[in-house]
Amino acid sequence: MIKLDNVTKVINKKTVLKDIKLSFDKGKIYLLTGHNGCGKTMLLRLICGLISPDEGKRIEDEEYRYGVIIENPSFFTQETAMYNLKYLATINNLISKDDIEVWLNKFNLHKADKVKTFSLGMKQRLSLCQAFMENPDVLLLDEPFNAIDEENLMIIYKLIEEEKKKGKLIVIASHSNLNDIKFDEIIKMRNGTIVVK
């Protein structure tokens, strides 16, 4: 469980999150929704500890490993998808080249293709692949489905459901309605606050 206990965050004298009180449990999928600029991305950053609250507490009941898409990751565009993921994998040394190849196949990507040849949707799938590949406990996905075609969307929705069944905690931030995913909870935000359910 990850708990945010009356959390407030101020950046450049602007309150970007105010009195947030939420808890997130393993084995559940949460939708974080609201207009652009309402604080969804900041909340994801706070959930995984990239930023700290100015007031209130962020509490983890155990130490989690995170897979995240919060902003567009930078890839070496002159290199292949495999090269990029192998490079990222050297940070934690948790997975092998074979593991990476399995995940590339799951996301319908080819290891030998150079990233400069990728469409926007393929780059998005590569971003998702890097978030999933190290078997994290928590997946935090900020607008993860942009530019992805219908066929690959169905593949990704299925992968997300599989990760939920493994007991992962999954938070998806989107300003769109996602009717093909069964969310356990929908959290609506407005101007840095949680809209009362």
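How far should the 16 residues of helix H5 (residues 150-165) span at 1.5 Å a residue, and how far apart are the end C-alpha atoms? The expected span is 22 Å and the end C-alpha atoms lie 23 Å apart, which agrees; here the expected span of a helix is 1.5 Å times one less than its number of residues. The model is a predicted one, in which local features need pLDDT of at least 70 and side-chain atom pairs count only at pLDDT 80 or more, while totals for chains, interfaces and linings use all residues. Residues are numbered from 1 along each chain as its sequence is written, and side-chain values use heavy atoms, with hydrogens and water left out. Helices (H or I, at least four residues) and strands (E, at least two) are DSSP runs, numbered from the N terminus.

Helix H5 offers a good place to begin. Its buried residues (buried means under 20% relative accessible area, exposed over 50%, partly exposed in between, with a 1.4 Å probe and protein chains only) are Asn152, Leu153, Ile156, Tyr157, Leu159, Ile160 and Glu163. They cover an arc of only 160° around the axis, which puts them on the same side of H5; the arc is that of the directions from the helix axis to the C-beta atoms. An α-helix has 3.6 residues a turn, so residues three or four places apart point the same way. Glu150, Glu151, Lys158 and Lys165, on the other side of H5, are exposed. The packing partners of the buried residues of H5 are strand S3 (29-33), helix H3 (97-106), helix H4 (120-132), S6 and strand S7 (169-173).

Both ends of H5 deserve a look. At its start, a side-chain oxygen of aspartate 149 comes to within 3.2 Å of the backbone nitrogen of glutamate 151. After H5 comes glycine 167, with a positive phi near 95°.

Asparagine 152 of helix H5 counts as buried because its relative accessibility is 5%. Its side chain is joined to that of asparagine 108 by a polar contact of 3.2 Å (a pair of N or O atoms within 3.5 Å; within protein, one must be able to donate a hydrogen and the other to accept it, and residues adjacent in sequence count only if both atoms are side-chain atoms). Neighbours within four places in sequence aside, asparagine 152 is in contact (heavy atoms within 4.5 Å) with Phe107, Asn108 and Arg125. Asparagine 108 itself sits just after H3 and takes a positive phi of about 60°.

Helix H3 buries Ile100, Trp103 and Leu104. Seen down the axis of H3, these buried residues fall within an arc of 105°, so they line one face of the helix. Asp98 and Asn105 are exposed on the other side of H3. The cover over the buried residues of H3 includes helix H2 (81-89), H4 and H5.

Turning to the strands, 3 of them form an open sheet in the order S2-S1-S4, with antiparallel pairing (two strands pair if DSSP finds at least two bridges between them). Strand S2 (14-24) and strand S4 (55-60) are at the edges with a single partner strand each, so one side of each has no neighbour in the sheet. Strand S1 (residues 2-11) and S2 pair over 7 bridges, and isoleucine 11 has lysine 14 in S2 as its bridge partner.

Elsewhere, S5 (residues 66-69) pairs with strand S6 (residues 138-142) in the parallel sense over 4 bridges, and glycine 67 stands opposite leucine 139 in S6. The side chains of S5 alternate: Gly67 and Ile69 point to one face and are buried, whereas Tyr66 and Val68 point to the other and are not.
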